[in-house]
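Dear colleague,

I am passing on the structure below, and after it I set out what was found. Please read the notes with the coordinates open beside you.

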Amino acid sequence: MNGPAQVPRAFDVIRTGETLIVTIRKEFDFGNLHQDWAHAIVVQWPGPYREVHIDLGHCGLVSSTFFAGLIQLHHAYGAKGAQPLLLLKPDPRLVRNLTMLRLDKMFRIDPR
């Protein structure tokens, strides 16, 4: 094997102008692929960005680690002037959990 091994990730990141788009893949909660996901994003794509979108259209329910990462992204990018994170097409159960945790008002949500 040539070169450094790629660490498997359960997300993809694309920068489009002043917008950072993070796509959470279906296998997000499998194994330990989700550990430190938000920290890895902030380190590799520090910004500032005008908007940060989290595309959740490919996954269903997620663990508490995901919610902790959302808060981390909210603080990291919000401190640099980004609009509230936009959650794209989250599973309705995820939205319900955000509401129960009283986190729904921290984000913009584009429902499925």
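Two strands are taken to pair if DSSP finds at least two bridges between them, and the elements themselves are DSSP runs numbered from the N terminus, helices being H or I over at least four residues and strands E over at least two. The model is predicted, so that local features need pLDDT of at least 70 and side-chain atom pairs count only at pLDDT 80 or more, while totals for chains, interfaces and linings use all residues. Residues are numbered from 1 along each chain as its sequence is written, and side-chain values use heavy atoms, with hydrogens and water left out.

With those terms, β1 and β2 pair in the antiparallel sense over six bridges, and R15 stands opposite L20 in β2. The two strands form a hairpin with two residues between them, and G17 in that turn has a positive phi of about 60°.

This hairpin belongs to an open sheet of five strands in the order β1-β2-β3-β4-β5, with mixed pairing. Its edge strands are β1 (11-16) and β5 (108-110), each of which pairs on one side only. Neighbouring strands are turned by 20° against each other on average, direction ignored, where axes are lines fitted to C-alpha atoms (for helices over the stretch in contact) and angles run from 0 to 180 degrees between N-to-C directions. At the β5 edge, β4 (residues 86-88) and β5 pair in the parallel sense over three bridges, and the bridge partner of L88 in β5 is D110.

Two helices lie across these strands, contact meaning heavy atoms within 4.5 Å. Helix α1 (residues 37-44) lies across β1 and β2 (19-24) and runs at about 30° to β1, whereas helix α2 (residues 64-78) lies across β2, β3 (51-55) and β4, running at about 165° to β3.

Several loop residues also deserve a look. F28, in the loop between β2 and α1, counts as buried because its relative accessibility is 1%, the classes being buried under 20% relative accessible area, exposed over 50% and partly exposed in between (1.4 Å probe, protein chains only). F28 and S63 are 35 residues apart in sequence and 9.2 Å apart in space, C-alpha to C-alpha. In the loop between α1 and β3 we find P48, which a cis peptide bond joins to G47, with omega about 15°.

K89, in the loop between β4 and α3 (92-100), has a positive phi near 55° although not a glycine, and counts as partly exposed at 35% relative accessibility.

With kind regards
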